[in-house]
Amino acid sequence: LFILGLIWQWERRRRAEVQLRESEERFRLVANSTPVMIWTSGTDKRCNYVNHAWLKFTGRPFDIELGNGWTESVHPEDLKFCLDTYTSAFDRRESFEMQYRLRRSDGEYRWIFDLGVPRFNSDGSFAGYIGSCIDVSERKVAEDALMKFSVHLIEAQEEERKRIARELHDDYNQRLAMLAIDL
């Protein structure tokens, strides 16, 4: 009976491992099929997975991106902000979102929107983070152009107000001077 119990436990553990392996394979299939860049990290804050979209974007091999290797592609001016945001959210086990520049495979830095959320095991224990990134460079360029246009529009409105004020001021001053002469 004892041996049957051990065999049953062993078989249950083997099935759980098979299910876990299949679940991991399904996750990787889905993650690698999506056009969005996906990453995961473990409880040590270090990257332990990036999908094909990430690798295609950066043009770097999988093993170099792992750990803290991914930070080598972050723009130097954005790195501190990026790491501070990630570390702070990680320590609090909170979701985060940020924008930073990431070097694409052709060497151009592109604006990335990165959303990270904590993930937990079935027993509720913290398992790390999972995140997704999208290239928002075109949107960023459009926002900058809109901002410049808005500033230009405000400046044009101010100039028009000044012109109208001058005309009104000059017109009334001339009328007042003519009235004074007539008197």
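**Reading a chain, one feature at a time**

Biologist: With a relative accessibility of 38%, what does Arg93 count as?

Modeller: Here's the general idea: under 20% relative accessible area is buried, over 50% is exposed, and partly exposed is in between (1.4 Å probe, protein chains only). Arg93, at 38%, therefore counts as partly exposed. Before we go on, this is a predicted model, where local features need pLDDT of at least 70, side-chain atom pairs count only at pLDDT 80 or more, and totals for chains, interfaces and linings use all residues. Residues are numbered from 1 along each chain as its sequence is written, and side-chain values use heavy atoms, with hydrogens and water left out.

Biologist: Okay! And where is Arg93 found?

Modeller: Look in the loop between α4 and β3 (96-103). Helices (H or I, at least four residues) and strands (E, at least two) are DSSP runs, numbered from the N terminus. The backbone of Arg93 is worth a look too: its phi is near 60 degrees, a positive value in a residue other than glycine.

Biologist: What about Lys45: what is its phi?

Modeller: Phi of Lys45 is near 70 degrees, and again that's a positive value in a residue other than glycine. You'll find Lys45 in the loop between β1 (37-41) and β2 (47-50). With a relative accessible area of 27%, Lys45 is partly exposed.

Biologist: Let's zoom out. How many helices and strands does the chain have?

Modeller: Five helices and five strands. Walk along the sequence and you get α-β-β-α-α-α-β-β-β-α. The chain is more spread out than a compact globule, because its radius of gyration is 30 Å, well over the 16 Å that the globule rule gives for 183 residues. That radius is taken over C-alpha atoms, and the rule is 2.2 Å times the number of residues to the power 0.38. Along its principal axes, the C-alpha trace spans about 125 × 35 × 25 Å.

Biologist: What share of the residues counts as buried?

Modeller: Of the 183 residues, 27% do.

Biologist: Now the rings. How many aromatic pairs does the structure hold?

Modeller: It holds 11. Rings of Phe, Tyr and Trp (its six-membered ring) pair if their centres lie within 6.5 Å; planes under 30 degrees apart are stacked, over 60 edge-to-face, and the rest tilted. Take Tyr86 and Phe90: their ring centres are 5.6 Å apart and their planes at 55 degrees, so this pair is tilted. Both sit in helix α4 (residues 76-92), four residues apart, about one turn of the helix. Both are buried, too.

Biologist: And how are the planes of Phe126 and Tyr129 set?

Modeller: Those planes are at 75 degrees, with centres 6.0 Å apart, so the pair is edge-to-face. Phe126 counts as buried at 15% relative accessibility, and Tyr129 counts as buried at 0%. Ring pairs link both residues into a cluster with Trp39, Tyr86, Phe90, Phe96 and Phe120.

Biologist: Last one: which residues make the nonpolar surface patch?

Modeller: Phe2, Ile3, Leu4, Leu6 and Ile7 make the patch, which is about 570 Å². Nonpolar side chains (Val, Leu, Ile, Met, Phe, Trp, Tyr) are joined within 5 Å, using residues with over 30% relative accessible area and no salt bridge (a side-chain nitrogen of Lys or Arg within 4 Å of a carboxyl oxygen of Asp or Glu). One of the patch residues, Phe2, lies in helix α1 (residues 2-33) and is exposed, with a relative accessible area of 67%.

Terms used: Patches are made of residues with over 30% relative accessible area and no salt bridge: like charges are joined within 9 Å, nonpolar side chains (Val, Leu, Ile, Met, Phe, Trp, Tyr) within 5 Å. Accessible areas come from the Shrake-Rupley method with a 1.4 Å probe; for residues, only the protein chains shown count as cover.
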